[in-house]
Amino acid sequence: MSRQHPFRGHSRSLFHPIVFTLLLTATNVLATGVADKTSYANINGTRLHYQEGGKGPVLVMIHGGLVDMRMWDDQYKEFTKHYRVIRYDLRGFGRSKFPSGPYSNIDDLFFLLKHLRVQKASLIGLSLGGMIATDFTLEHPDMVDALVLTSSSLRGYQSPASPETMAVNKAAQEEGMERAIDLWLNHPFFATGKNSRRYQRRMRQMMRDNFRYWGPWGPELKSVVVRWPAKPSLERLAEIKSPTLIVVGDRDADNIQAIARTLAASIVGAQRIVMSSVSHHLNMEQPRKFNRVVIEFLKSARVQR
């Protein structure tokens, strides 16, 4: 099995993009914005679930591992006041089709945008979603207006699996989903989430719904392989020219904070913001602050261009 665990070393990962079936047919609709809708896209040999709404410059939200596009619930409506927002479930997550063979998150996103007639967009990705956004920007630089990397993973960055992560994996194999979820919610990645019942409730539901992907895979899924560009993105960060914001929580795991520093030091002109008293899913824990930081950056990035 060649997939990569979302929190096992951050040089590799698992999840996959999404969305679309009902398509816009009139170009004047694209010019004035789209009514909020949830639909499916039959693209790239799969079926991806997505939601879009709002008008203006396009902003694509890419979720992290363990969860699905619902992690952006506190952002979606607010951002549609300023942008045409597209959020989607990666392949195998949420209501998108589960993979049955080799696939690429980068290609899924590319064909999704083509299907939605999007030529350029800003990308905001969290954790695995940040890794996907980074690689997409490197592979399709002319399609990316701006980049927001939140609690991001990074292909090529090596870090050993923590004892806590190994305990989660063992529990998922031997004790089942609920025990594994309990351990995840006590993991250093999510340290400050313990302070919010709403966060705990939302995370538990999304992790249950996505256990088929992040939990143990049987031999029947050995043909499922996640394909990534050959060269690690760590070695290519200087190629990124799009305005870039790195957001990280000061209570996140040490390797995530180290990745944020690496991204900021290696991407020309990148800004790094450290949010206080928050860990991995900082957009869910401090949504108002996160929304303000990102919107201010995106407005500034457009002025600079």
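Which side chain of opposite charge is nearest to the buried Asp-252, and how many Å away is it? I put this to the predicted model and found that the nearest one is that of Arg-251, 9.5 Å away, and that Asp-252, although buried, has no salt bridge.

**Entry 1, the surroundings of Asp-252.** I placed Asp-252 in the loop that runs between β7 (244–249) and α9 (254–266). I then looked for a polar partner and found His-280, whose side chain makes a polar contact of 2.8 Å with the side chain of Asp-252. Setting aside neighbours within four places in sequence, I listed the contacts of Asp-252 as Ser-151, Phe-189, Gln-257, Val-278, Ser-279 and, once more, His-280.

**Entry 2, the chain overall.** I noted 11 helices and eight strands in the protein chain, and I saw that 59% of its 305 residues are buried. When I took the contacts between residues at least 6 apart in sequence, 75% of them turned out to join residues at least 24 apart. For the accessible surface I wrote down about 12,500 Å², with 48% of it belonging to carbon and sulfur atoms.

**Entry 3, the nonpolar core.** In soluble globular proteins, nonpolar side chains tend to be buried together. Here I looked up the largest nonpolar core, which has 94 residues, and found that Val-60, Phe-136 and Trp-214 touch the most other members. Helix α11 (residues 287–304) gives this core its largest share, seven residues. I followed Phe-136 further and, leaving out residues up to four places away in sequence, recorded that it touches Ile-106, Leu-109, Phe-110, Leu-113, Leu-123, Met-143 and Val-144.

How values were computed:
Residues are numbered from 1 along each chain as its sequence is written. This is a predicted model: local features need pLDDT of at least 70, side-chain atom pairs count only at pLDDT 80 or more; totals for chains, interfaces and linings use all residues. Side-chain values use heavy atoms; hydrogens and water are left out. Helices (H or I, at least four residues) and strands (E, at least two) are DSSP runs, numbered from the N terminus. Buried means under 20% relative accessible area, exposed over 50%, partly exposed in between (1.4 Å probe, protein chains only). Contact means heavy atoms within 4.5 Å. Accessible areas come from the Shrake-Rupley method with a 1.4 Å probe; for residues, only the protein chains shown count as cover. Lys and Arg count as positive and Asp and Glu as negative; His and the chain ends are not counted. A salt bridge is a side-chain nitrogen of Lys or Arg within 4 Å of a carboxyl oxygen of Asp or Glu. A polar contact is a pair of N or O atoms within 3.5 Å; within protein, one must be able to donate a hydrogen and the other to accept it, and residues adjacent in sequence count only if both atoms are side-chain atoms. A nonpolar core is a set of buried Ala, Val, Leu, Ile, Met, Phe, Trp, Tyr and Cys residues joined through side-chain atoms within 4.5 Å.
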